[in-house]
Amino acid sequence: MNGTKTARCDRGCGATDTVIDTGSKLVKNGIVFKTLNVDGTNVYGKVSNETETFSFINEVEIKGNATFVVSIDIYGIKQVPTKTVPGNR
């Protein structure tokens, strides 16, 4: 296997569609953010003063075998399992 999978039309049209197979070595590991900015290993963002909570669930897209945790300390010890944090009030 080369890390791809191909779908073929079974109605005689001859069409095919090849995509990278999830979990293959061709999938690059990484994290993509919708609105947050990355500076090295730090991620920054701004929210309005009215924001009571911020959820990373829909903000972060995982590629390949990458993972992420949300923590309230710089060492990653006090992790937030819900990936949703309160705003500072």
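Biologist: How many salt bridges does the structure hold?
Modeller: Just one salt bridge, and bear in mind that this is a predicted model.

Biologist: OK, which side chains meet in that salt bridge?
Modeller: Those of E61 and K63, with 3.2 Å from N to O. As background, side chains of opposite charge can pair when their charged atoms come close.

Biologist: Is E61 buried or exposed?
Modeller: In between: E61 has 41% relative accessibility, so it counts as partly exposed.

Biologist: And what about K63, at what relative accessibility?
Modeller: K63 sits at 35%, so that residue counts as partly exposed too.

Biologist: Which residues does I31 touch, leaving out those up to four places away in sequence?
Modeller: E61 is one of them, and the others are V60, I62, A66, T67 and F68.

Biologist: Where is I31 found?
Modeller: In strand 3, which spans 30–33. The relative accessible area of I31 is 32%, so I31 is partly exposed.

Biologist: How far apart are I31 and G64 in space, and how many residues apart in sequence?
Modeller: They're 8.9 Å apart, C-alpha to C-alpha, with a sequence separation of 33 residues.

Biologist: Let's zoom out. How many helices and strands are in the chain?
Modeller: Zero helices and eight strands. Read from the N terminus, the order is β-β-β-β-β-β-β-β.

Biologist: Among contacts between residues at least 6 apart in sequence, what share joins residues at least 24 apart?
Modeller: That share is 49% for this chain.

Biologist: What percentage of the chain is buried?
Modeller: Buried residues are 12% of the 89 in the chain. The accessible surface adds up to about 7700 Å², and carbon and sulfur atoms account for 51% of that.

Biologist: Switching to pockets: what volume does the largest pocket have?
Modeller: About 920 Å³. It is lined by 30 residues, and the closest to its centre are L36, V43, Y44, F56 and S71.

Biologist: What's the lining like by class?
Modeller: There are 16 nonpolar residues, eleven polar and three charged in the lining of the largest pocket.

Biologist: Which strand gives the most to that lining?
Modeller: Strand 5, with three residues. Strands 3, 5, 6 and 8 each supply at least two residues of the lining. Strand 5 covers 42–44, strand 6 covers 53–55 and strand 8 covers 84–86.

Biologist: One more, on the backbone. What's phi of K83 near?
Modeller: Phi of K83 is near 55°, a positive value, and K83 is a residue other than glycine.

Biologist: Where is K83 found?
Modeller: In a loop, the one between strand 7 and strand 8. Strand 7 runs 60–63, and the salt bridge partners E61 and K63 carry numbers in that range.

How values were computed: Residues numbered from 1 in each chain as written. Predicted model: local features only at pLDDT ≥ 70, side-chain atom pairs only at ≥ 80, totals over all residues. Heavy atoms only, no water. 1 Å grid on protein atoms, 1.4 Å probe; cavity = no way out; pocket = protein on both sides within 12 Å on 5 of 7 lines; lining within 4 Å. Points joined across faces, edges and corners; volume = space filled by probe spheres on them. Helix = DSSP H or I, 4+ residues; strand = E, 2+ residues; numbered from the N terminus. Nonpolar A, V, L, I, M, F, W, Y, C, P; charged D, E, K, R; others polar. Buried < 20%, exposed > 50% of the residue type's maximum accessible area, 1.4 Å probe, protein only. Contact = heavy atoms within 4.5 Å. Areas by Shrake-Rupley, 256 points an atom, 1.4 Å probe, with all protein chains shown as cover. Salt bridge = Lys/Arg side-chain N within 4 Å of Asp/Glu carboxyl O.
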